[in-house]
Amino acid sequence: MSSINLNAAEQPAVYEVCDVTYRYREVTALDHLNLAVKPGRRVVLLGANGSGKSTLLRILNGLCFPDEGKVHFCGKPLTEENIESDGFGLEFRRRVGLVFQNPDVQLFCPTVFDEVAFGPLQLRWPDEQIRRRISETLGMMEITHLKERSPHHLSMGEKKRVALASVLVLDPEILLLDEPTAALDPKSESHMIDFLVRSKGGGKTIVTTTHDLDIAEDIADDCFVFHEGCIVAGAPPAEILSDLSLLKRTDLLHSHLHVHKSGEVHAHPHLHQHQE
Amino acid sequence: MAPRNRRRSGFMERTAASFVDALEHTFYAEETARADGLLQHLDPRVKLLGILALILPAAAARSFAVMGGLFAVAVLLAAASHVSFGVLLRRVWIAVLLFTGVIALPAPFVTPGHVTYHLPWLGWAITSQGLESAGYLVLRVETAATLCVLLVLTTPWNDVLKALRVLRVPVVMVTILGMTYRYVFLLLEAAHDMFESRRSRMVGELTGRERRRVAASSAGVLMSKTFDLSSEVYLAMQSRGFRGEVYILDGSRMQSFDWIMLAGFTLISAAAFWWGR
């Protein structure tokens, strides 16, 4: 069991996750987990594959509900009943957006334009407002030229940008990103990181899951480390990244063979961080 | 993707190649739909109604001249829309001739009427009424199929689906068809990758039993992937506010060119009905 709050004394939390357990049949994905996310913070959930990060994001997005424990969103319980109610449910969907790890899951409409229009249409925005917001969002994500294209014609990087646009069009206050840089080529990855870096100070609360240590410090104010369904550490990213024994214990630090200039070939755990 | 001209002897090769062919056909259709032609400039709703307005008199006409005239209109529309005659010949005209030809083949021999010819050796009688019936059938189907293919080749499929709204097809049906169209490619690619990866690890020919086993297991895996995908997609829809009701954005506004063409289609249709009675 873990209980970690960063800056707990400052402001009321957007999310309060209290003693949450979630199981996929016999497999425990989250084990008595506690977490508080403060408004306006950029939070990174670091963890190896299968550590429970994505499950937590789905719970935070009200797509699944804990077997034990409670989640509060802005002080209100995040329950199935509340999510299905017209008032809270619609308001929650407008304020919280989730970008899935696999963009093919999220891009279910025939064209990029339809995809970006889907969220506002569900919230019954007026047509003119929808068209204006779509135009702004496509421009912001630099994908206006793709608007009539079918998702199956897009590259992975373009799909990820469209998936992000389909959520940003609602201008959510809270953005949940599941492995936003996974399977991207370097250019697409840098686009995504640029977006996350630029979002600092923009007022949005951003929760990002990743196992990419290289980007954590750039895109996060707070960092939580997941291991086997528990949070084992919570601190500013620099502190987490300097704790090599923690990273090794949680399978975040890898070692692979590499060649030195001298010609020596060996393997040891190391980070790929840029020097100032 | 596999090169098109490779030898397609094995079961794996043929299956993988058929996936590639399906994708290539779609890419060709989407390329034609983006061409700078007459039909491509038309509002999809006008195109749908106009093509229907031409198909109906073609199906009802009892005159070769009228049916020939409607077929000529279809050919002119194809030319003005930069649709290749080679593609129409291969995909429509020959295919329809073979298919309906088989259906129409007995008509000249079994339809009672004025005998115009006797087959040598067999001595079977061919009647003029029978020839006329067979000719009507083939020409009707050729005209209707050409018009339908023109609609599909000159309109992105998504626009065809949206245009169905003018025929009062429910929004939920249009949305389901759109999503089906979206995911059929993903699953087609998944199936293609499955067959390619299996092929890359295979040596020699499969026996009939092994082929059936491979086909069944591949279908099972694909079905399982489809179920997983559908539940994930449902969550993604819920995440963006889906609560069981589907809404779509109203389409674009009709231009004067669309109204002129709609009037043209209506006139041709009315004239064909009148003369083809």
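At what angle do helix 9 and helix 10 of chain B pack, and how far apart are their axes? In this predicted model, helix 9 (residues 171-200) and helix 10 (residues 208-239) of chain B meet at an angle of about 140°, and 11 Å separates their axes. Since angles over 145 degrees count as roughly antiparallel, the pair falls into another class: helix 9 of chain B is oblique to helix 10 of chain B. The crossing of these two helices is right-handed. As for the residues that do the touching, helix 9 of chain B brings Y183(B), L187(B), A190(B), A191(B), M194(B), F195(B) and R198(B) to the meeting. On the other side, helix 10 of chain B offers V214(B), S218(B), V221(B), L222(B), K225(B), T226(B) and L229(B).

Now step back to chain B as a whole. Its secondary structure adds up to eleven helices and two strands. Walking along the sequence, the pattern reads α-α-α-α-α-α-β-β-α-α-α-α-α, with the two strands sitting between runs of helices. The C-alpha atoms of chain B take up a box of roughly 65 × 60 × 35 Å along the principal axes. A compact globule of 277 residues would have a radius of gyration near 19 Å, whereas the value for chain B is 24 Å. Of the 277 residues in chain B, 27% are buried. Among the contacts in chain B with a separation of 6 or more, 73% link residues 24 or more positions apart.

The two strands of chain B deserve a look of their own. Strand 1 (residues 115-118) and strand 2 (residues 125-127) of chain B pair in the antiparallel sense, with three bridges between them. Within that pairing, V115(B) faces T127(B) of strand 2. Six residues lie between the strands of this hairpin, and there W121(B) adopts a positive phi near 65°.

Two other residues of chain B also show a positive phi. H82(B) is not a glycine, yet its phi is about 60°. H82(B) belongs to the loop that links helix 4 (64-80) and helix 5 (85-104) of chain B. Is H82(B) buried or exposed, or does it count as something in between? H82(B) is partly exposed, because 15 C-beta neighbours lie inside 10 Å. R168(B), likewise a residue other than glycine, has a phi near 65°. R168(B) sits in the loop between helix 8 (157-163) and helix 9 of chain B. Here the C-beta count comes to 6 within 10 Å, so R168(B) is exposed.

Chain A has a sheet to explore. Six of its strands form an open sheet with mixed pairing, in the order 7-8-9-4-10-11. At the edges are strand 7 (96-99) and strand 11 (230-235) of chain A, each of which pairs on one side only. From one strand to the next, the twist averages 15°.

Several neighbours in this sheet run in parallel. Strand 7 and strand 8 of chain A do so over four bridges, and G97(A) has L175(A) of strand 8 as its bridge partner. Strand 8 of chain A is also parallel to strand 9 of chain A, this time over five bridges, with I174(A) standing opposite T205(A) of strand 9. Next along, strand 4 (residues 42-47) and strand 9 (residues 205-210) of chain A pair in the parallel sense through five bridges, and L46(A) is partnered with T210(A).

How many of the five residues of strand 8 of chain A are buried? Five of the five are. Both faces of the strand are covered, with I174(A), L176(A) and D178(A) buried on one side and L175(A) and L177(A) buried on the other. Helices also lie across this part of the sheet. Helix 1 (residues 53-60) of chain A crosses strand 4, strand 7, strand 8 (174-178), strand 9 and strand 10 (222-227) of chain A, and runs at about 150° to strand 9. Helix 7 (residues 156-168) of chain A lies across strand 7 and strand 8 of chain A, at about 170° to strand 7.

Finally, the two chains touch. The contact involves 24 residues from chain A and 22 residues from chain B. On the chain A side, helix 3 (86-95), helix 4 (103-106), helix 5 (112-122) and helix 6 (127-140) each supply at least two residues. The largest share of that side comes from helix 5 of chain A, with five residues.

Methods
Residues numbered from 1 in each chain as written. Chains lettered and ligands numbered in written order. Predicted model: local features only at pLDDT ≥ 70, side-chain atom pairs only at ≥ 80, totals over all residues. Pairing = 2+ DSSP bridges. Rg over C-alpha atoms; globule rule 2.2 N^0.38 Å. Buried ≥ 20, exposed ≤ 12 C-beta atoms within 10 Å, placed from the backbone. Contact = placed C-beta atoms within 7 Å. Axes fitted to C-alpha atoms, helices over the stretch in contact; angles between N-to-C directions. Parallel < 35°, antiparallel > 145°, perpendicular 65-115°, else oblique. Left-handed = near helix turned anticlockwise from the far one by under 90°.
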